[in-house]
Every structure is written in C-alpha cells, then in structure tokens.
Amino acid sequence: MSDRKSYLAETIINPGCGVVQGSAENKVKAPGSGGSGDFIGVYPFEANEAKAAGESVGIALSGVVKVLTGGTVTAGKKAVLAADTSGTFINCPTDAGRYETCGTFLQSGMIGEYVDMIVERGSVTIPA
C-alpha cells in the first residue's frame with residue numbers, strides 16, 4: 001500500500017515514472033536534463049495512462065509501486081532517477097560522489113521493464 005497525494009502535472013507524466021517538484025506547491029513535472037529536480041514521488045504504473053500538463057495526477061509518496069526501468073536494475077540496490085528527462089529509474093552509480101536516492105529496488109529487471117520499488121527519499125555518498 002502506498003501513500004498517494006493529488007498534484008497538478010506541469011509536463012507529460014508517464015506511468016511508472018518519477019516526478020520532481022514543479023514551479024509551485026502541489027505541482028509536479030518530469031525531471032529536467034540529467035535527471036535533475038527535487039524528487040517528490042512516482043506516478044504509479046497501475047494508472048496505465050500518461051497525464052498531460054494541466055491534469056490532476058496521483059503521486060505515490062511512499063510505499064511499494066511498480067516503476068519503469070531506464071537500465072538494468074538489481075533487487076536490493078538503491079534507485080536514482082536516470083540521467084535524462086524520462087523519469088525512469090536506474091541503480092545508484094558506483095562512481096565517487098553524492099547521489100539523491102528515490103528508493104530501493106525489490107525486483108531485478110532489464111531496461112524498459114516494470115519492477116517493484118519501495119519509494120524512500122534519501123541520499124548516499126560513495127567515497128573516492
């Protein structure tokens with residue numbers, strides 16, 4: 001079961017994809033280039049249809065949801081937004097640096113698959 005809240009979409013939001021804070025309170029959008037933005041939650045896969053800008057969209061803020069993968073992912077690994085504007089999820093990089101995490105994968109999968117992920121915002125630092 002996930003905690004969901006209604007937001008207003010500022011861009012097209014696809015099912016199973018992450019969203020970031022929009023231009024105002026209660027607004028969300030797809031991530032910017034490089035997967036940038038303040039991660040809010042996931043538009044669940046079960047919704048089964050994209051939402052256009054201006055439409056109301058239910059976002060999972062916590063709990064287990066099916067997400068779309070942007071690469072090969074591994075169960076038990078921390079998830080981050082892919083480094084593009086897709087809103088898909090990938091394994092947290094292993095390169096040194098600080099990464100904003102979006103959750104933990106509960107299933108492994110290949111690019112373009114839907115897998116279970118527990119939504120949990122946080123960060124991880126990989127030492128040099």
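## Thr 104 in strand E8

Thr 104 is buried in this predicted model; its relative accessibility is 14%, which is under the 20% limit for that class. The residue belongs to strand E8, which spans residues 97-105.

The side chain of Thr 104 forms a polar contact with the side chain of Glu 120, at 2.4 Å. Glu 120 also appears among the residues in contact with Thr 104 once neighbours within four places in sequence are set aside. The others in that list are Gly 76, Lys 77 and Lys 78, together with Met 117 and Ile 118.

## Thr 101 in strand E8

Strand E8 also holds Thr 101. Thr 101 has a relative accessible area of 5% and is therefore classed as buried, the limit being under 20%.

When residues up to four places away in sequence are not counted, Thr 101 touches Lys 78, Ala 79 and Val 80. Thr 101 further touches a run from Glu 120 through Arg 121, Gly 122 and Ser 123 to Val 124. Lys 78 and Glu 120 are contacts of Thr 101, and both are likewise contacts of Thr 104.

## The chain as a whole

The protein chain contains 9 strands and 0 helices. The radius of gyration is 13 Å, close to the 14 Å given by the globule rule for 128 residues, so the chain is as compact as a globular protein of that length. Along the principal axes, the C-alpha atoms occupy a box of roughly 40 × 25 × 25 Å.

Of the 128 residues, 40% are buried. Among contacts between residues at least 6 apart in sequence, 56% connect residues at least 24 apart. The chain exposes about 6300 Å², and carbon and sulfur atoms contribute 52% of that area. There are 10 positive and 13 negative side chains, and the centres of these two sets are 3 Å apart.

## Glycines in two loops

Gly 70 is located in the loop that joins strand E5 (56-68) to strand E6 (78-81). With a relative accessible area of 27%, Gly 70 is partly exposed. The C-alpha atoms of Gly 70 and Ala 82 are 6.1 Å apart in space, and the two residues are 12 apart in sequence. Leaving out neighbours within four places in sequence, Gly 70 is in contact with Thr 88, Phe 89, Ile 90 and Ile 111.

Gly 54 is found in the loop between strand E4 (39-43) and E5. Gly 54 counts as exposed because its relative accessibility is 53%, and the class begins over 50%. Beyond neighbours within four places in sequence, Gly 54 is in contact with Leu 8 and Ala 9. Gly 54 and Ala 9 are 45 residues apart along the chain, yet their C-alpha atoms are separated by 5.3 Å.

## Backbone at Asn 26

Most residues other than glycine have a negative phi. Asn 26 is not a glycine, but its phi is positive, at about 70°. Asn 26 lies in the loop between strand E2 (17-21) and strand E3 (27-29). At 33% relative accessibility, Asn 26 is partly exposed.

Technical notes:
Residues are numbered from 1 along each chain as its sequence is written. This is a predicted model: local features need pLDDT of at least 70, side-chain atom pairs count only at pLDDT 80 or more; totals for chains, interfaces and linings use all residues. Side-chain values use heavy atoms; hydrogens and water are left out. Helices (H or I, at least four residues) and strands (E, at least two) are DSSP runs, numbered from the N terminus. Buried means under 20% relative accessible area, exposed over 50%, partly exposed in between (1.4 Å probe, protein chains only). A polar contact is a pair of N or O atoms within 3.5 Å; within protein, one must be able to donate a hydrogen and the other to accept it, and residues adjacent in sequence count only if both atoms are side-chain atoms. Contact means heavy atoms within 4.5 Å. The radius of gyration is taken over C-alpha atoms; the globule rule is 2.2 Å times the number of residues to the power 0.38. Accessible areas come from the Shrake-Rupley method with a 1.4 Å probe; for residues, only the protein chains shown count as cover. Lys and Arg count as positive and Asp and Glu as negative; His and the chain ends are not counted. The place of a charge is taken as NZ of Lys, CZ of Arg, CG of Asp or CD of Glu.
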